[in-house]
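Welcome, and thanks for taking a look at this one. Please have your viewer ready before reading on.

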Amino acid sequence: TRSTRPQRLLKVVQKRATRGDPQSVISAVDHFCRHSEWAMNVGDEKGSILDSVVSELSPEKVLELGTYCGYSTVRIARLLPPGARLITLEFNADYAAIARQVIAWAGLEDKVQLVEGASEDWIPRMKEHYGIETFDFVFLDHWKDRYLPDTKLMEDCGLLRKGTVLLADNVICPGFPDYLEYVRNSLSYKSCYFKSHLKYTKAEDGLEKSVFLG
Ligand SMILES: C[S@@+](CC[C@H](N)C(=O)[O-])C[C@H]1O[C@@H](n2cnc3c(N)ncnc32)[C@H](O)[C@@H]1O
Ligand SMILES: O=C(c1ccccc1)c1ccc(O)c(O)c1[N+](=O)[O-]
Ligand SMILES: [Mg+2]
């Protein structure tokens with residue numbers, strides 16, 4: 001049977017990237033997406049905005065919602081300080097299997113915990129299962145109708161602290177109007193928009209950075 005897009009992406013990573021070199025993994029995926037097939041990872045342009053937010057914050061505890069093939073996971077994990085941990089949630093078993101291999105190829109498996117399951121099921125278990133008090137940084141990039149309910153769930157589970165940064169991909173395309181209205185109007189968040197483009201295209205897209213004020 002025909003291979004899947006994630007399987008083809010992994011093959012390109014194993015062929016073109018150097019084991020243990022996260023930057024070469026990122027470049028291999030960008031090359032695949034630019035020259036072979038579009039894929040729904042955050043991409044290079046928005047990816048460098050993600051890099052700058054992570055580098056500036058230097059977070060110890062990171063949560064990523066929506067792993068797919070692990071592209072943004074590698075982008076974030078390669079910038080984390082020693083001892084920092086990234087937990088990434090992915091409920092599609094096939095995607096999770098590919099992501100594990102991409103993360104391992106980058107040599108970042110010691111910093112990353114990939115949890116195969118739904119955000120709504122696992123956010124409430126973060127404290128008891130992973131000994132997480134609060135997260136310093138959350139990257140939201142899963143299905144867009146989950147951004148708002150999962151943010152409220154993280155608030156209710158006490159997983160956000162004064163200064164926690166939420167960064168949400170796809171402000172324009174596909175967009176998430178309910179989440180945007182919430183973080184931009186709530187007194188509990190200070191929000192700003194980083195304008196960019198939908199990966200590898202001319203269409204506008206962007207990231208919304210929201211700091212939880214407690
Ligand atoms: C846009 S892709 C993630 C792209 C990835 N962040 C990157 O930039 O490389 C969205 C992913 O979120 C997963 N997903 C969607 N809703 C989810 C949920 N509620 N819990 C866990 N994973 C979810 C999908 O299976 C899909 O793999
Ligand atoms: O929803 C899509 C989508 C819609 C249609 C076809 C493929 C993907 C999408 C597009 C760009 C993104 O950055 C992204 O995170 C997603 N997503 O699935 O969450
Ligand atoms: Mg996205």
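What follows is a short tour of the metal site and the ligand pocket.

## The model and its magnesium site

Please keep in mind that this is a predicted model. The magnesium ion (ligand 3) has Asp141 (OD), Asp169 (OD) and Asn170 (OD1) as its protein donors, and they lie 2.0 to 2.3 Å from the ion. Along the sequence, the donor residues follow the spacing D-x27-D-N. Asp141 sits in the loop between β4 (135-140) and α8 (147-156), while Asp169 belongs to strand β5 (residues 160-169), so this pair ties together parts that are 28 residues apart in sequence.

Are these two aspartates buried or exposed? Asp141 has a relative accessible area of 13%, and because buried means under 20%, Asp141 is buried. Asp169 is buried as well, at 0% relative accessibility.

## Contacts of ligand 1

Now to ligand 1, which is surrounded by 23 residues. The closest are Val42, Gly66, Ser72, Glu90 and Asp141; Asp141 is also a donor of the magnesium ion.

Three polar pairs are handy to display. An oxygen atom of ligand 1 lies 2.8 Å from a backbone N or O atom of Val42. One nitrogen atom of the ligand is 2.8 Å from a polar side-chain atom of Ser72, and a polar backbone atom of Ser119 lies 2.9 Å from a nitrogen atom of ligand 1.

## The pocket around ligand 1

How much of ligand 1 does the protein bury? Taken alone, ligand 1 exposes 620 Å², and the protein buries 98% of that. The space that ligand 1 takes is the largest pocket. Elements giving two or more residues to the shell around ligand 1 are α4 (71-77), β2 (85-90) and α6 (119-122).

Methods
Residues are numbered from 1 along each chain as its sequence is written. Chains are lettered from A and ligands numbered from 1 in the order in which they are written. This is a predicted model: local features need pLDDT of at least 70, side-chain atom pairs count only at pLDDT 80 or more; totals for chains, interfaces and linings use all residues. Side-chain values use heavy atoms; hydrogens and water are left out. Donors are N, O and S atoms within 2.8 Å of the metal (3.2 Å for Na, K and Ca); water is not among the atoms, so sites may look incomplete. Helices (H or I, at least four residues) and strands (E, at least two) are DSSP runs, numbered from the N terminus. Buried means under 20% relative accessible area, exposed over 50%, partly exposed in between (1.4 Å probe, protein chains only). A residue is near a molecule or strand if one of its heavy atoms lies within 4 Å of it. A polar contact is a pair of N or O atoms within 3.5 Å; within protein, one must be able to donate a hydrogen and the other to accept it, and residues adjacent in sequence count only if both atoms are side-chain atoms. Accessible areas come from the Shrake-Rupley method with a 1.4 Å probe; for residues, only the protein chains shown count as cover. On a 1 Å grid over the protein atoms alone, a cavity is a set of points where a 1.4 Å probe fits but cannot get out, and a pocket is an open set with protein on both sides within 12 Å along at least five of seven lines; lining residues have an atom within 4 Å of a point. A molecule sits in a cavity or pocket if more than half of its atoms lie within 2 Å of its grid points.
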